[in-house]
Amino acid sequence: MKKTLSLLLVLLLMTVFLPASAELEAGKYPLTDNFGEIELTFLVTAHPAIVDWETNAFVKWLEEVTNVDMKFETVPLEGRAEKLSLVLASGTYPDVFMSVGMSAAMISQFGVQEQMFLPLNDLIEKYAVNTKKVFEQYPGSKGLLTQLDGNIYSLPSVNECYHCTVANKFWMNVDWLKAVGMEKPTTLDELYEVLVAFRDKDPNGNGQQDEIPMAGSYL
């Protein structure tokens, strides 16, 4: 008999495993009144910064907030694809797969084809307040998660990498600006004037016009 699985990365969706009689309020904690009443097992990738997942300070805080007892099994980063395949073929599964490198093809296979994973659509709609906010803020994200059968079986971590979107930066030597008596340029014309001043007015004070006003690199 297959055991239904859930690929959860959001604690709000741990309500999947709570008793059917539990009355929950969306976006509110704790998830249960008695610690230990609900126990969840997580399969996670071993991380060099985490010595022990179960004694990790953040995990202990999550347990305190949710009142859910969390147990962890780790897989090494090297060779985790093989380990994950073995777990999925074993018939004995954790409650939660979290950041174990499950591919889109595996989610489709074990969710849509073999129906081993639990569809999250109704749970997201009822409980996952912040997940729905992500879907609203990033309109394409829900479509990326939705499988061909119309169901969602997994949730990503969301990280808007600001410095990645503006990776190419322009730095200006403020000491040189002071030396030539100018302010930070705000237009292309002002930038041109500043660069000419850097070239001609000896901002490094060595008595020579040897300054390179602007340089760049693709690295």
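This text walks through a predicted model, from its sheet to its cores and then to one helix.

Start with the sheet. It is open and has three strands. Their order is 2-1-3, and they pair in parallel. The edges are strand 2 (69-75) and strand 3 (96-98), each of which pairs on one side only. Neighbouring strands are turned against each other by 25° on average, direction ignored.

Now look at one pairing in that sheet. Strand 1 covers residues 39-45 and runs parallel to strand 3, with three bridges between them. Val44 is a good place to look, for it stands opposite Met98 of strand 3.

Follow the chain out of strand 3. A loop links strand 3 to helix 3, and Ser99 sits in it. The phi of Ser99 is positive, near 55°, though the residue is not glycine. Most residues other than glycine have a negative phi.

Next come the nonpolar cores. The largest has 15 residues. Which of them touch the most other members? They are Leu43, Leu84, Leu88, Phe97, Met102 and Phe117. Two elements give two or more residues to this core: helix 2 (80-90) and helix 3 (104-113). Another core lies apart from the largest one and has 13 residues. Among them are Leu62, Val68, Phe72 and Met98. Met98 is also the residue across from Val44 in the sheet.

Move on to helix 9, residues 188-200. How far apart are its end C-alpha atoms? The distance is 18 Å. That agrees with expectation, because 13 residues at 1.5 Å a residue should span 18 Å.

Helix 9 has a buried side. Leu191, Val194, Leu195, Ala197 and Phe198 are its buried residues. They lie on the same side of helix 9 because they cover an arc of only 155° around the axis. The general rule helps here: an α-helix has 3.6 residues a turn, so residues three or four places apart point the same way.

What covers these buried residues? The cover includes helix 8 (174-179). The face turned away from the buried side carries Asp189 and Tyr192, both exposed.

End just past helix 9. Asp202 lies in the segment that follows this helix. Its phi is positive, near 55°, in a residue other than glycine. Ser99, in the loop between strand 3 and helix 3, also has a positive phi near 55°.

Methods: Residues numbered from 1 in each chain as written. Predicted model: local features only at pLDDT ≥ 70, side-chain atom pairs only at ≥ 80, totals over all residues. Heavy atoms only, no water. Core = buried A, V, L, I, M, F, W, Y, C linked by side-chain atoms within 4.5 Å. Buried < 20%, exposed > 50% of the residue type's maximum accessible area, 1.4 Å probe, protein only. Helix = DSSP H or I, 4+ residues; strand = E, 2+ residues; numbered from the N terminus. Pairing = 2+ DSSP bridges. Axes fitted to C-alpha atoms, helices over the stretch in contact; angles between N-to-C directions. Expected span 1.5 Å × (residues − 1). Arc of directions from axis to C-beta. Contact = heavy atoms within 4.5 Å.
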